[in-house]
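Open the structure in your viewer and keep the sequence panel beside it. The tour starts with one strand and its neighbours, then moves to a second sheet and ends with the whole chain.

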Amino acid sequence: MIDLRSDTVTKPTEEMRKAMYIADVGDDVYGEDPTVRELEETAAEILGKEAALFVTSGTQGNQIAVLTHCRPGQELLLEEESHIFYYESGAVAALAGVQTRTIPGQRGAMDPQDVLNAIRTEDIHFPETGLICLENTHNRAGGAVVPVENMKSIYNIAQANRVPVHLDGARLFNAAAAAGVDVKEFAKNTDTVQICLSKGLGAPVGSIIAGDAEFITTARKWRKRLGGGMRQAGVIAAPGLIALTKMKDRLGEDQWNARILAEAIEAIPGMKLARQPETNIIVADVEGLNMTSDIFVERLRAEGIISGTFGPTFVRFVTHYDVNEDQIQKAIEAIAKVARQ
Ligand SMILES: *Cc1c(COP(=O)(O)O)cnc(C)c1O
């Protein structure tokens with residue numbers, strides 16, 4: 001089976017497994033796990049932030065950020081198809097007690113003017129705007145890179161209005177690879193950032209949230225409250241360190257494979273791209289084949305290729321460390337075969 005559902009399916013490399021075996025550990029709730037500390041310090045430095053916190057997942061990281069920045073009854077501004085709004089089981093309402101106000105985006109980017117217009121003024125009837133969330137790369141926009149300039153404009157508006165900004169950077173390293181800039185260029189236009197170690201970077205578990213030291217101290221308490229205080233977590237932080245220091249430099253390969261796959265899909269009669277891929281995510285439209293995405297995905301699976309539905313006629317493919325160029329060629333043959341059926 002060639003699994004193109006998501007870059008989360010990557011398995012830890014041999015180097016990661018060895019690092020897990022030999023990792024120096026301690027009780028991280030007491031702040032005594034040297035490997036977790038090293039991971040947090042390294043991540044803070046790479047992201048250009050004062051401090052960082054190792055959390056169990058991207059969702060937990062985003063939720064801790066919302067809980068730390070906001071108070072119940074406040075309003076959260078975010079893009080209408082953002083992961084925090086679309087895919088986190090309503091957690092911001094269930095946990096943080098904030099209401100969401102969504103803004104439509106263009107390839108994942110909100111218009112700064114729309115953000116400015118949505119920020120609440122002082123009025124007894126209004127909720128306070130508690131936080132603005134950005135996402136980069138933008139998942140539902142097909143791995144689109146939100147330009148640094150767009151983030152900068154929104155951050156300037158946010159700062160002028162004293163509203164903090166959080167970046168859901170689950171795939172921030174893919175954005176940096178595609179834009180050819182350092183992740184710091186994105187991260188400096190936000191107060192806090194979440195990155196996933198377990199997607200394209202290939203670690204088995206975990207995410208990082210980063211921000212100033214005061215934010216991380218409060219975030220650490222929220223993590224404990226949510227049951228995310230882990231003990232000898234060095235065994236999972238060790239592969240995270242490899243993900244951060246080594247795997248980030250190979251994401252260009254995934255992008256290259258995505259290009260090859262996207263060009264082949266475009267050439268298949270009846271198939272088209274929902275949008276041009278910018279990173280490792282490809283969204284194809286199968287409407288022209290008179291098939292639903294469910295049927296397409298099922299037939300493709302019978303050919304040994306796993307993909308995912310992304311709408312009634314949209315199918316998503318994600319390239320990652322565990323698929324090489326040969327396997328991409330096999331996937332292309334299988335997709336063409338299903339399209340002919
Ligand atoms: C995957 C993802 C998350 C959540 O990460 P989990 O580790 O699966 O909880 C958050 N935001 C975006 C944009 C994602 O793609």
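In which sense do β3 and strand β4 pair, and over how many bridges? Select residues 99–103, which make up β4: the pairing with β3 is parallel and runs over five bridges. The model on screen is a predicted one. To find one point of this pairing, pick L76 and look across to T100 in β4, which stands opposite.

**The other partner of β3**

Now add residues 129–135, strand β7. β3 pairs with β7 too, again in the parallel sense, here over four bridges. Pick L78 to see one of the links: the bridge partner of L78 in β7 is C133.

**The side chains of β3**

Show side chains for residues 75–79, the whole of β3. In a regular strand, side chains alternate between the two faces of the sheet. In β3, E75, L77 and E79 point one way, while L76 and L78 point the other way. Are these residues buried or exposed? Both sets are buried, the two glutamates E75 and E79 included. Buried here means under 20% relative accessible area. Since five of the five residues of β3 meet that description, the strand is largely enclosed by the rest of the structure.

**A four-stranded open sheet**

Next, go to the sheet with the strand order β11-β12-β15-β14. This sheet is open, and its pairing is antiparallel. Which strands stand at its edges? Select 272–273 for β11 and 308–309 for β14: each has a single partner strand, so one side of each is left without a neighbour in the sheet.

Stay with β14 and add residues 314–318, strand β15. These two strands pair in the antiparallel sense over two bridges. Pick G308 and look for R316 of β15, which stands opposite.

**The whole chain**

Zoom out and colour by secondary structure. The chain has 14 helices and 15 strands. Its C-alpha atoms fill a box of roughly 60 × 55 × 35 Å along the principal axes. A compact globule of 341 residues would have a radius of gyration near 20 Å, and the chain, at 20 Å, agrees with that.

Switch on the surface. About 14800 Å² is accessible, and carbon and sulfur atoms account for 48% of that. Of the 341 residues, 57% count as buried. Among contacts with a separation of 6 or more, 74% are between residues 24 or more positions apart.

Finally, colour by charge. There are 35 positive and 47 negative charges, and their mean positions lie 3 Å apart.

Key. Residues are numbered from 1 along each chain as its sequence is written. This is a predicted model: local features need pLDDT of at least 70, side-chain atom pairs count only at pLDDT 80 or more; totals for chains, interfaces and linings use all residues. Side-chain values use heavy atoms; hydrogens and water are left out. The radius of gyration is taken over C-alpha atoms; the globule rule is 2.2 Å times the number of residues to the power 0.38. Buried means under 20% relative accessible area, exposed over 50%, partly exposed in between (1.4 Å probe, protein chains only). Contact means heavy atoms within 4.5 Å. Accessible areas come from the Shrake-Rupley method with a 1.4 Å probe; for residues, only the protein chains shown count as cover. Lys and Arg count as positive and Asp and Glu as negative; His and the chain ends are not counted. The place of a charge is taken as NZ of Lys, CZ of Arg, CG of Asp or CD of Glu. Two strands pair if DSSP finds at least two bridges between them.
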